[in-house]
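Subject: Structure handover

Hello,

Here is the structure we spoke about, for your own calculations. My notes on it follow below.

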Amino acid sequence: MLLPIYIYGHPALRQPAVDVAPGHEGLAQLLQDMWDTMYQADGIGLAAPQIGKNLRIFVIDGSSFAENDPACEGFKRVFINARITERSPDRVTMNEGCLSVPGIHEEVSRPERVTIAYKDENGEDRVEILDGMRARIVQHEYDHIEGITFIDHLSPLKKRLLKSKLAALTAGKFHKNYRVVLPEN
Ligand code: NI
């Protein structure tokens, strides 16, 4: 089932998400809905808060980047109750966008490498050390379960320059091929 995506400015995107309990009812269906919604929207990642669920879950399929970053080949994962346990001191800047912030793409500086511990869709504990594009996508989605969007990483000047664009977004003045939930204002 396709779910509507919550748009920047909605309080659902600002709330730190909570851990998924073992045996969470409807988890398999929720994951399927998240995949369907992400692919239909041409996304490479989707976090539960983006569909209005306050849960520490995100899904990623970075395989479309394999041409530029071979490590992305087959990088399709479900991250449940993830915790980033280590961040490299060295940082890199890359261009980012977000299904919750349609039409805005900005350069964002983040640690180059992270270690992440999580449960997969089968409840297995996993730990991965990721760099390059995989680290980038994971950190972006991880932010969502912490109530953060990539806009929060921009400089005050950059944010000021984007102010009217962001206001247009929260007012629903944009066109996308997926259903959305706008902030009430
Ligand atoms: Ni996003």
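A salt bridge here is a side-chain nitrogen of Lys or Arg within 4 Å of a carboxyl oxygen of Asp or Glu. R126 and D120 form such a pair through their side chains, with an N to O distance of 3.9 Å. That value is within the cut-off of 4 Å, so the pair counts as a salt bridge. R126 is partly exposed, at 32% relative accessibility, whereas D120 is buried, at 7%.

Please keep in mind that the model is predicted.

Salt bridges

The structure has 13 salt bridges. One of them joins the side chains of R110 and E96, at 2.7 Å from N to O. This pair connects distant parts of the chain, with R110 in strand β6 (residues 106–111) and E96 in strand β5 (residues 91–96), 14 residues apart. Both R110 and E96 are buried.

Another salt bridge is formed by the side chains of K119 and D125, at 2.9 Å from N to O. Here K119 is partly exposed, with a relative accessible area of 31%, and D125 is exposed, with a relative accessible area of 61%.

There is also a network of salt bridges, which links D19, R56, R83 and E146.

Nickel site

Which protein atoms are the donors of the nickel ion? They are SG of C98, NE2 of H140 and NE2 of H144, at 2.1 to 2.2 Å from the ion. Along the chain, the spacing of these donors reads C-x41-H-x3-H. Both H140 and H144 belong to helix α2 (residues 132–145), and because they are four residues apart there, about one helical turn separates them. H140 is buried, with a relative accessible area of 8%. H144 is buried as well, at 1% relative accessibility. Both values are under 20%, which is why the two histidines are classed as buried.

Helix α2 also holds Q139. With a relative accessible area of 5%, Q139 is buried. Its side chain reaches the backbone oxygen of P111 at 2.9 Å. P111 falls within the range of strand β6 (residues 106–111), the strand that also holds R110.

Largest pocket

The largest pocket encloses about 460 Å³ of space. Its lining is made up of 25 residues, and those nearest the centre are I44, E96, G97, C98 and H105. Two of these names have come up already: C98 is a donor of the nickel ion, and E96 is the salt-bridge partner of R110.

Which elements give two or more residues to the lining of the largest pocket? They are β5 and α2. The largest share comes from α2, which gives five residues. Helix α2 is also where H140 and H144 sit, and strand β5 is where E96 sits.

By residue class, the lining of the largest pocket divides into 12 nonpolar, eight polar and five charged residues.

For your setup, the items to look at are the nickel ion with its donors C98, H140 and H144, the buried pair R110 and E96, and the largest pocket, with C98 and E96 among the residues nearest its centre.

Regards

How values were computed: Residues are numbered from 1 along each chain as its sequence is written. This is a predicted model: local features need pLDDT of at least 70, side-chain atom pairs count only at pLDDT 80 or more; totals for chains, interfaces and linings use all residues. Side-chain values use heavy atoms; hydrogens and water are left out. Donors are N, O and S atoms within 2.8 Å of the metal (3.2 Å for Na, K and Ca); water is not among the atoms, so sites may look incomplete. Buried means under 20% relative accessible area, exposed over 50%, partly exposed in between (1.4 Å probe, protein chains only). On a 1 Å grid over the protein atoms alone, a cavity is a set of points where a 1.4 Å probe fits but cannot get out, and a pocket is an open set with protein on both sides within 12 Å along at least five of seven lines; lining residues have an atom within 4 Å of a point. Grid points are joined across faces, edges and corners, and a volume is the space filled by probe spheres set on the points. Ala, Val, Leu, Ile, Met, Phe, Trp, Tyr, Cys and Pro count as nonpolar, Asp, Glu, Lys and Arg as charged, and the others, Gly among them, as polar. A polar contact is a pair of N or O atoms within 3.5 Å; within protein, one must be able to donate a hydrogen and the other to accept it, and residues adjacent in sequence count only if both atoms are side-chain atoms.
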